[in-house]
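Please open the model in a viewer and keep the sequence panel beside it. The stops below say what to select next and what is to be found there.

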Amino acid sequence: MRAVGIVLFLVVLATAVATFARRWRVPAPSLLVLAGLGVALIPGVPALRIPPQAIALIVLPPLLYASAEELSLRDLRTVWKPVTILAFGLVFASAAAVTFVAVAVTGLPPAMAFVLGAVLASTDPVAVTALGRRLALPGRVQVLVQAESLFNDATSLVLFKVAVGFAVSTGAVVSLPAAGGEFLLLGVGGSVIGAAVAGVVWLIRRRTTDPVLETVIALVTPYAAYVVAEAGHTSGITSVVVAGVLLGRGGHRLTDAHIRLQLHAVYAVVVFILESVVFSIVGLELPARVRDLPAGSGWWPVQALALAAVLIAVRVFSTLPLTRAVKPSPGRMSWRVAGVVTWAGTRGVMPLAAALSIPLVASNGTALAGRPLVLVLTTAVVVFTLVVQGLSLAVVVNRSGLALEPEHTAREEAQARDALNRAALTHIDDLESLEAMPEAVIDRVRRGLDARLDRSVDGPDGSTVDAAYRELRHEVIAIQGNELRRLYDEHRISDATRRSLQHDLDREEAALGTR
């Protein structure tokens, strides 16, 4: 019961933090980590112990699925080579570098240092997506950092399992064929199961028109992909990512506008709640882990900083030769792209969940030496990357010159909107020549399309007529909403009629966008 109360408190805290984050224009995950850390330092606050299975099963699937759905498959095709190299080579390089430094500066046994290196080797897709959601990065750069974090899971999981096998067994010997077979089972097996789940869901959703059932299916899909893959002893996370990418590519063909609006709203709430809780937990975990450290471990902050610096350095040297493939234009310096890609590679929930799943005892029954320090260093590096890199990521992007200007995005949207309206007018002209529709209907639709094209002209005060039109339509919808409530209050219409008409007004206002 106490855990439920803490989770509810974290949701309330996250709502307040997200409000300030939006007002201050800083990433919410960074503030959530700091808020969780602040709450944990309050005297009397109980230590929060979250089982790693709960994070892996309840929190990760929908967050990973939402991140995968946002991934542009078109842009992914253009950067698949650097993504593949980073998902393999960078993970191995980061694990080796962290292992070497951890042995040198922390005094961990080599086997546990290897476990730490495997845990911190990969970036976290939940954190990367949450931090990058508000940044106006070019498409290929955004896809590079997001796809790398999504697809390096199989590599890091194999390394982690091999490292844990070393740590818990005495005299263990590395078997490269066994490690390669396990990698194929995790990565390829998870991909196959994810594709199969996506295919089944596709067939079901094609035959479903009920918005409630569509929403339930969308919420269940990531859990189904994860559970089925884990039951098959493959990578559940890889399965969720593959299912999300495939369904996100053609999801617009499975549903209508009404269902898409509902799915977007529901998933936005689910993602907000889960991200809020999980990033707050990262901050809450650190003080409790520090208290579990044995005597003589007071240098852990310096050690964590050294490990974070090593991860950043390895990432810089690895990404610099690869980012030439994703330069937004020939004139852009590759080191600018490398700097953004490096600084966006934060650690987050997944490394923490992996560290928590390290066994407590070795195969001979003795306590696993160095496990508390590995947990503290992992949590500290995660907090460092989320706070330091997260709070400064927008500055790095702006200084790099890669950020897309708001005018560029607005101009692109306006040009695309005009192209859509012209295509619609061409179709209307064809229907008129064929006399396939009544003249009054064709004339009514044409007037609406002509009005949308005319709204792209500047008004006398320098503002666009389109903006003035939206403002007036918002006012008209507000008047209609007031009139609808008056009719209902006077008992002139039923509640069913009120709800139906209010829903139509809401959809129309949502289509207009914000004021």
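Begin by selecting A195, which is partly exposed at a relative accessible area of 34%; the cut-offs for this class are 20% and 50%. This model is predicted. A195 belongs to helix α10, which spans residues 176-206. Now add G244 to the selection: it lies 49 residues from A195 in sequence, yet the two C-alpha atoms are 9.2 Å apart. With residues up to four places away in sequence set aside, A195 touches V242 and L246.

Remain on helix α10 and move to V197, which is also found there. Is V197 buried or exposed? Its relative accessibility of 12% places V197 among the buried residues, since the limit for that class is under 20%. The C-alpha atom of V197 is 9.3 Å from that of V242, a residue 45 positions away along the chain. The contacts of V197, apart from neighbours within four places in sequence, are T221 and A225.

**The loop between α11 and α12**

Select T234 next. T234 sits in the loop that joins α11 (211-231) to α12 (236-250). Although it is a loop residue, T234 is buried, with a relative accessible area of 5%. Which backbone atom does the side chain of T234 reach? Display the backbone oxygen of A229: the side chain of T234 comes to 2.8 Å from this atom. To view the surroundings, show L185, L186, G189, G190, I193 and A229, which are in contact with T234 when its neighbours within four places in sequence are left aside.

In the same loop between α11 and α12, select H233. H233 is exposed, with a relative accessible area of 61%, whereas T234 is buried at 5%. Inspect the backbone torsions as well: H233 has a positive phi of about 60 degrees and is not a glycine. Most residues other than glycine have a negative phi.

**The loop between α20 and α21**

Go on to H491, in the loop between α20 (465-489) and α21 (495-512). What is the phi of H491? The value is positive, near 60 degrees, and the residue is other than glycine. H491 is exposed, and its relative accessible area is 72%.

**Helix α6 against helix α17**

Select helix α6 (residues 110-120) together with helix α17 (residues 371-400). Their axes come within 10 Å and cross at roughly 25 degrees. The two helices are therefore roughly parallel to each other, because angles under 35 degrees fall in that class. The crossing of α6 past α17 is right-handed. To display the contact, show M112, L116, V119 and L120 on α6, and R371, V374, L377, T378 and V381 on α17. By class, the residues in this contact are seven nonpolar, one polar and one charged.

Consider the spacing along each helix in this view. In an α-helix, with 3.6 residues a turn, residues three or four places apart point the same way.

Now colour α6 by accessibility. How many of the eleven residues of α6 are buried? The helix is mostly covered, with nine of the eleven in the buried class. These are M112, A113, F114, V115, L116, G117, A118, V119 and L120.

**Helix α16 against helix α17**

Keep α17 selected and add helix α16, residues 349-356. The axes of α16 and α17 are 9 Å apart, and the helices pack at an angle of about 175 degrees. The pair is therefore roughly antiparallel, because that term covers angles over 145 degrees. On the α16 side, show P351, L352, A355 and L356; on the α17 side, R371, L375, T378, T379 and V382 meet them. This contact divides into six nonpolar, two polar and one charged residues.

With both contacts displayed, look at R371 and T378. R371 and T378 of α17 take part in the contact with α6, and R371 and T378 also meet α16.

**The whole chain**

Finally, clear the selection and view the chain in full. Its secondary structure consists of 21 helices and zero strands. Of the 515 residues in the chain, 46% are buried. Among the contacts between residues at least 6 apart in sequence, 80% join residues at least 24 apart.

Conventions. Residues numbered from 1 in each chain as written. Predicted model: local features only at pLDDT ≥ 70, side-chain atom pairs only at ≥ 80, totals over all residues. Heavy atoms only, no water. Axes fitted to C-alpha atoms, helices over the stretch in contact; angles between N-to-C directions. Helix = DSSP H or I, 4+ residues; strand = E, 2+ residues; numbered from the N terminus. Parallel < 35°, antiparallel > 145°, perpendicular 65-115°, else oblique. Left-handed = near helix turned anticlockwise from the far one by under 90°. Contact = heavy atoms within 4.5 Å. Nonpolar A, V, L, I, M, F, W, Y, C, P; charged D, E, K, R; others polar. Buried < 20%, exposed > 50% of the residue type's maximum accessible area, 1.4 Å probe, protein only. Polar contact = N/O pair within 3.5 Å; in protein donor to acceptor, adjacent residues only side chain to side chain.
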